[in-house]
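Biologist: I am new to this structure and would like a close look at one part of it. Please start from a single residue and work outward to what surrounds it.

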Amino acid sequence: MIINDKSSVSEDDIYFTVTALDIFHGIKPFRVGSIVKLVKDFGNKFDSEAIRVDLRYAGPSGYVANSVRTVALGTMSSGRLYDKILDEDFGIVRFILGSVVICKLLTHDEIEVLRSNPECDINYL
């Protein structure tokens, strides 16, 4: 289920860039409004603050960017986001440009509203 609300942007919103798409399924499974699951990747031997990004129908699909070369301006790196999320948390795809995906971290209240819809992807991730 793709969420296509036109919510206003708040200064408190937290955005992050999804990268490493090419080692999974590329850009194709991502759609604006798609729910993504953030999973702290404790076993990642390359990055101790790695956060994997999963999609409902595609499974693991990328990582939150953690390099000055891959983090879009105005978004948080994996290192900054790592201590702000649970071991598993959720975001929503807000922007796609070329091979860049930018997501918004969902608040607890937003997650609860989405969970109340039995058809929402958040219930299957």
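Modeller: The residue to start from is R94, which lies in strand β5. Keep in mind that this is a predicted model. R94 has a relative accessibility of 19%, and it counts as buried because the cut-off for that class is under 20%. Along the sequence R94 is 61 residues from G33, yet the C-alpha atoms of R94 and G33 are 6.1 Å apart in space.

Next comes the strand that holds R94. Strand β5 covers residues 88–97 and is joined to strand β2, residues 35–40, by five bridges, with the two strands running antiparallel. Within this pairing, V36 stands opposite G91 of β5, and V39 has E88 of β5 as its bridge partner. Helix α2, residues 108–115, packs on the sheet and touches β2, β5 and β6. The direction of α2 makes about 90° with that of β5.

Strand β5 also pairs with β6, in the antiparallel sense, through six bridges. L97 of β5 has V100 in β6 as its bridge partner. The hairpin of β5 and β6 has two residues between the strands, and in it G98 takes a positive phi near 65°. As for exposure, β6 is mostly covered, with five of its six residues buried.

From β6 the path leads to β1. Strands β1 and β6 run antiparallel and are joined by four bridges. One residue facing across this pairing is F16, which stands opposite C103 in β6. Between β1, residues 15–19, and β2 there is a loop, and A20 is found in that loop. Most residues other than glycine have a negative phi. A20 departs from this, as its phi is positive, near 60°, in a residue other than glycine. A20 has a relative accessible area of 22% and is therefore partly exposed.

That loop leads back to β2, the strand paired with β5. Six of the six residues of β2 are buried, so β2 is largely enclosed by the rest of the structure. The burial applies to both faces: I35, K37 and V39 are buried on one side, and V36, L38 and K40 are buried on the other. Besides β5, a second strand can be named here: β2 pairs with β3, residues 51–55, over four bridges in the antiparallel sense. V39 takes part in this pairing too, with R52 as its bridge partner in β3.

These pairings can now be placed in the whole. Strands of a sheet pair through backbone hydrogen bonds. Here six strands form a closed barrel in the order β1-β4-β3-β2-β5-β6, with antiparallel pairing. From one strand to the next the twist averages 45°. In that order β5, the strand of R94, comes between β2 and β6.

One further feature is a pocket. The second largest pocket holds about 160 Å³ of space. It is lined by 13 residues, and those closest to its centre are N44, D47, A50, Y63 and V64. By type, the lining of this pocket divides into seven nonpolar, four polar and two charged residues.

To sum up the part asked about, R94 is a buried residue of strand β5, and β5 is joined to β2 by five bridges and to β6 by six.

Methods:
Residues numbered from 1 in each chain as written. Predicted model: local features only at pLDDT ≥ 70, side-chain atom pairs only at ≥ 80, totals over all residues. Heavy atoms only, no water. Pairing = 2+ DSSP bridges. Axes fitted to C-alpha atoms, helices over the stretch in contact; angles between N-to-C directions. Contact = heavy atoms within 4.5 Å. 1 Å grid on protein atoms, 1.4 Å probe; cavity = no way out; pocket = protein on both sides within 12 Å on 5 of 7 lines; lining within 4 Å. Points joined across faces, edges and corners; volume = space filled by probe spheres on them. Nonpolar A, V, L, I, M, F, W, Y, C, P; charged D, E, K, R; others polar. Buried < 20%, exposed > 50% of the residue type's maximum accessible area, 1.4 Å probe, protein only.
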